[in-house]
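Student: I am new to this structure. Can we go through it in short steps?
Tutor: Yes. Ask away, and look at the model as we talk.

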Amino acid sequence: MIGYLIVVVLAALALTRLPAVLTGKNLTVVLSALSIVAAFALITPGVYAALDPLFPVPNALDLVAKLLLFTGLLLAGSAVARAYDAPRTQRLVSGLPGTVVFIVLMLAEVGIFAAVHTGTPAPDLARNLGEPLVRLYSTLATAYPAYIAALLIPHVRAGLASSERSSRITSRFLLVGFLLALVRFVVALVTLVLPAAYSPGQVVSGVAAIAVALGLACAFFARVGRDRQSQRRYS
């Protein structure tokens, strides 16, 4: 249920930004939202059951979803860093260091997947959590969101003191989402020794994604409001 809600919220966010995209603005944010929407859509039960059999390797669809998720997070993280005027953080997200982190974690996921994939279709290989390597595969998938969140939290916290109400609200939503991403990684580490922690962790992931989407939506609508006020002022 949470997976469907995430898809709806993020898809709505992407749609609200389409008018700006047509004028060449907000393209990065829309691409990030669409990538994350696609990632969550692919792992919803009905979609996963329908599409995974089309791949020659069982559960290969999960790797596709993870690649889309990581890509969406890279784009979103870069956009947020740019919005908070943090060039060093943006470099750590989407520059050479960030690209290295992205590639290393994605290759690690592919390597572990190649060693442990089974014929039982399940997003995140969740039906095989009894295997230590499967739990490691799942944990690594939470490491990248935690990495992006850790880089952005200091800037988002600073935004809480903004004189603009819209900026404070945006920062609150983003801060909640990023803190939950760190919590999710901690829960994933617990899952390495206690598989029962996996399900609560997935709920945390869902709430984190929704909070970040709401934060980005607030930022967008605040910007639209400012643009309209400017147009009225000079018209």
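Student: Is T170 buried or exposed?
Tutor: This is a predicted model, so the answer is computed from its atoms. T170 has a relative accessible area of 8%. Buried means under 20%, so T170 is buried.

Student: In which helix does T170 lie, and which residues does T170 touch?
Tutor: T170 lies in helix α8, residues 165–191. Leave out residues up to four places away in sequence. The contacts that remain are Y84, G215, C218 and A219.

Student: What separates the C-alpha atoms of T170 and G215?
Tutor: Along the chain, T170 and G215 are 45 residues apart. In space, their C-alpha atoms are separated by 4.5 Å.

Student: How many helices and strands does the protein have?
Tutor: From the N terminus on, the elements run α-α-α-α-α-α-α-α-α. The strand count is zero. The helix count is nine.

Student: What share of the residues is buried?
Tutor: The protein has 235 residues. A residue counts as buried under 20% relative accessible area. Buried residues make up 43%.

Student: What share of the exposed area do carbon and sulfur atoms supply?
Tutor: The protein exposes about 11,700 Å². Of that area, carbon and sulfur atoms supply 71%.

Student: What share of contacts joins residues at least 24 apart?
Tutor: Take contacts between residues at least 6 apart in sequence. Among them, the share that joins residues at least 24 apart is 69%.

Student: How many aromatic pairs are there, and what kind do F70 and F102 form?
Tutor: Rings pair if their centres lie within 6.5 Å. By this rule there are five aromatic pairs. F70 and F102 are one of them, at 6.2 Å centre to centre. Their planes are 70° apart, and over 60 counts as edge-to-face, so this pair is edge-to-face.

Student: Which helices does the pair of F70 and F102 link?
Tutor: The two residues are 32 residues apart, so the pair links distant parts of the chain. F70 is in helix α4, residues 60–83. F102 is in helix α6, residues 96–116.

Student: Are F70 and F102 buried or exposed?
Tutor: F70 has a relative accessible area of 0%. F102 has 13%. The cut-off for buried is under 20%, so F70 is buried and F102 is buried.

Student: Which residues form the aromatic cluster with F70 and F102?
Tutor: F70 and F102 belong to one aromatic cluster. The other members are Y144 and Y147.

Student: What span should helix α7 have?
Tutor: Helix α7 covers residues 132–159, which is 28 residues. The rate is 1.5 Å a residue, times one less than the number of residues. The end C-alpha atoms are 40 Å apart, which agrees with the expected 40 Å.

Student: Where in α7 does the kink lie?
Tutor: The kink is about 40°. Shortly after it comes the proline P154. The kink lies at I153.

Student: Which residues does S138 touch?
Tutor: S138 lies in helix α7. S138 is buried, at 2% relative accessible area. Leaving out residues up to four places away in sequence, S138 touches D124, R184 and Y198.

Student: Is D124 buried or exposed?
Tutor: D124 sits in the loop between α6 and α7. Its phi is positive, about 65°, although D124 is not a glycine. With a relative accessible area of 8%, D124 is buried.

Conventions
Residues numbered from 1 in each chain as written. Predicted model: local features only at pLDDT ≥ 70, side-chain atom pairs only at ≥ 80, totals over all residues. Heavy atoms only, no water. Phe/Tyr/Trp six-rings, centres within 6.5 Å; stacked < 30°, edge-to-face > 60°. Helix = DSSP H or I, 4+ residues; strand = E, 2+ residues; numbered from the N terminus. Buried < 20%, exposed > 50% of the residue type's maximum accessible area, 1.4 Å probe, protein only. Bend = angle between axes of the 7 residues up to and from the residue. Contact = heavy atoms within 4.5 Å. Areas by Shrake-Rupley, 256 points an atom, 1.4 Å probe, with all protein chains shown as cover.
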